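Hi there,

Here is the structure I promised to pass on to you. Have a look at it first, and then read on for what turned up.

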Amino acid sequence: MLWVKVLHLLFVIAWFAGLFYLPRLYVNLAQAQDPATYDTLLGMARRLYRFMTPLAALALAFGLYLWLGYGLGQGQGWMHAKLLLVLLLIVYHLACRHYLLAFTQRANRHAHRFYRVFNEIPVLILLLVLILVVVKPF
């Protein structure tokens, strides 16, 4: 079970690295004036999203294995709250895809300030998950 936990944490950390950086690329894309710069940033964003999506799937798979296979946290309120936050994180990941498609189609409708705020969402989710896992308040 400890190796499964290690793999789960590894893939969660790697996924979050992508979730922290991708919206930062969106900030730069929203500010880009030069077409060459835009294309370079767009390529970086596409590659990052393609890289982080399998990491997300592996993080979720190992987490699901821990939850169902070992019964970790089953029937406990903190786990239900954590699962809700994981669901929000999946929605956030899919929103990143939506914005990537908008940038790809050159149809972005948001200013760089929007993406600066959007960039903070995974930080808040991570903080709440850490509190739930470590403190287990209920």
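**Overall fold**

The protein contains five helices and zero strands, and its order along the sequence reads α-α-α-α-α. Please keep in mind that this is a predicted model. The C-alpha trace extends about 50 × 25 × 20 Å along the principal axes. Of the contacts between residues at least 6 apart in sequence, 77% link residues at least 24 apart. The accessible surface amounts to about 8,300 Å², and carbon and sulfur atoms account for 70% of that. Buried residues make up 35% of the 138 residues.

**The core**

The largest nonpolar core has 35 residues, and the members that touch the most others are Leu19, Leu22, Tyr26, Leu29 and Cys96. At least two residues of this core come from each of H1, helix H2 (35-69), helix H3 (77-104), helix H4 (112-118) and H5.

Leu29 is a good place to start browsing. Beyond its neighbours within four places in sequence, Leu29 is in contact with Tyr38, Leu41, Leu42, Ala45 and Phe103.

You may also like to look at His8, which sits in helix H1 (residues 2-31). Is His8 buried or exposed? With a relative accessibility of 13%, His8 counts as buried, because the cut-off for buried is under 20%. Setting aside neighbours within four places in sequence, the contacts of His8 are Ala59, Phe62, Gly63, Leu66 and Lys82.

**Helix H3 and what follows**

With 28 residues, H3 reaches 41 Å from its first C-alpha to its last, which is close to the 40 Å expected at 1.5 Å a residue. Just after H3 comes Arg106, with a positive phi of about 55°.

**A residue on helix H2**

Tyr65 belongs to helix H2 and is partly exposed, at 46% relative accessibility. Leaving out residues within four places in sequence, Tyr65 is in contact with Val4 and Tyr70. Tyr65 and Leu83 are 18 residues apart along the chain, and their C-alpha atoms are separated by 13 Å.

**A nonpolar surface patch**

Which residues form a nonpolar patch on the surface? They are Leu127, Leu128, Ile131, Val133, Val134 and Val135, and together they have about 520 Å² of accessible area.

Two members of the patch are worth a click each. Val135 is in helix H5 (residues 121-135). Its relative accessibility is 55%, so Val135 counts as exposed, the cut-off being over 50%. Val133 is found in helix H5 too, but with a relative accessible area of 33% Val133 is partly exposed. Apart from residues up to four places away in sequence, Val133 touches Trp78 and Lys82. Lys82 also appears among the contacts of His8. If you would like a distance to check in your viewer, take Val133 and Phe51: they are 82 residues apart in sequence, and 27 Å lies between their C-alpha atoms.

In short, you have a predicted model with five helices and zero strands, a largest nonpolar core of 35 residues and a nonpolar patch on the surface that includes Val133 and Val135.

Happy browsing, and all the best

Definitions and conventions
Residues are numbered from 1 along each chain as its sequence is written. This is a predicted model: local features need pLDDT of at least 70, side-chain atom pairs count only at pLDDT 80 or more; totals for chains, interfaces and linings use all residues. Side-chain values use heavy atoms; hydrogens and water are left out. Patches are made of residues with over 30% relative accessible area and no salt bridge: like charges are joined within 9 Å, nonpolar side chains (Val, Leu, Ile, Met, Phe, Trp, Tyr) within 5 Å. Accessible areas come from the Shrake-Rupley method with a 1.4 Å probe; for residues, only the protein chains shown count as cover. A salt bridge is a side-chain nitrogen of Lys or Arg within 4 Å of a carboxyl oxygen of Asp or Glu. Helices (H or I, at least four residues) and strands (E, at least two) are DSSP runs, numbered from the N terminus. Buried means under 20% relative accessible area, exposed over 50%, partly exposed in between (1.4 Å probe, protein chains only). Contact means heavy atoms within 4.5 Å. A nonpolar core is a set of buried Ala, Val, Leu, Ile, Met, Phe, Trp, Tyr and Cys residues joined through side-chain atoms within 4.5 Å. The expected span of a helix is 1.5 Å times one less than its number of residues.
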